[in-house]
Amino acid sequence: MAAVDLNTVRSIVEGRLATELALSPAIPVVFHNMPDKPTARSSWVQCLVQFGGNQYLSQGLTARGSTKVIGVLLCNIFTPKGVGPGANYVIGKRIRDLYNRAIVSGVFFDAADGPAVVDSPQPEPFFQTRVSVAFEFIEDF
C-alpha cells in the first residue's frame, strides 16, 4: 500500500468541521492559508490542522511496515467581546462533540481539550477560546 496522502487526511478532518458549522446556526470557518476578514460583533472559527510526530508500529523490511502518524486539530473560536463566554462555549461544545473519541474514515480522534480561554486574542476585538483534538492514523508501506 502506498503512503497516505496528507491532504486526504486533512480533508477528512476539515470537512467534518465545515459540514457541522454549515448547519443552523451557521458559523463561518477559515482554514490554513485562507484570507480572513472577520466582521466585528460576529462569531467565527479558525481551523488549523497540523501533522507532527510519528511512531514506528513495525520495523519489517522496507517493503512492509506500519507507521502511526499523529496530528492535531486546533480550532480557534472567536465571538464578540464584552458579552460573556456563553456563545463561545456553545460553539466549543459543538466542536468537542463532533470529534471527541470519534473514528472517521480511518482517522482516530482522541478526547477533545477545551474550550480553553486565550488570554490575548488575535485578532482583536474578539473573545477567543481554543479546542484542540489530537488524531492519528496508520500508514502502511
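Contact means heavy atoms within 4.5 Å. The model discussed here is predicted.

User: Which residues does Leu17 touch, not counting residues up to four places away in sequence?

Analyst: Leu17 belongs to the part of helix α1 that meets helix α2. Leu17 is also listed among the residues with the most contacts inside the largest nonpolar core. Leaving out residues up to four places away in sequence, its partners are Val29, Val45, Cys47, Cys75, Ile95, Leu98 and Tyr99.

User: Is α1 parallel or oblique to α2?

Analyst: Two packed helices are described by the angle between their axes and the distance between the axes. For α1 (residues 6–21) and α2 (residues 86–99), the axes lie 11 Å apart and the angle is about 135 degrees. An angle over 145 degrees would count as roughly antiparallel, and 65 to 115 as roughly perpendicular. The angle of about 135 degrees falls in neither range, and therefore α1 is oblique to α2.

User: Which element gives the most to the largest nonpolar core?

Analyst: This core has 28 residues. Elements giving two or more residues to the core include α1, α2, β2 (44–56) and β7 (126–140). With five residues, the element that gives the most is α1.

User: Is Ser132 buried or exposed?

Analyst: Ser132 has its place in strand β7. Among the residues that Ser132 touches are Val72, Leu74 and Asp113. The cut-off for a buried residue is under 20% relative accessible area. Because its relative accessible area is 18%, Ser132 is buried.

Technical notes:
Residues are numbered from 1 along each chain as its sequence is written. This is a predicted model: local features need pLDDT of at least 70, side-chain atom pairs count only at pLDDT 80 or more; totals for chains, interfaces and linings use all residues. Side-chain values use heavy atoms; hydrogens and water are left out. Axes are lines fitted to C-alpha atoms, for helices over the stretch in contact, and angles run from 0 to 180 degrees between N-to-C directions. Helices (H or I, at least four residues) and strands (E, at least two) are DSSP runs, numbered from the N terminus. Angles under 35 degrees count as roughly parallel, over 145 as roughly antiparallel, 65 to 115 as roughly perpendicular and the rest as oblique. A nonpolar core is a set of buried Ala, Val, Leu, Ile, Met, Phe, Trp, Tyr and Cys residues joined through side-chain atoms within 4.5 Å. Buried means under 20% relative accessible area, exposed over 50%, partly exposed in between (1.4 Å probe, protein chains only).
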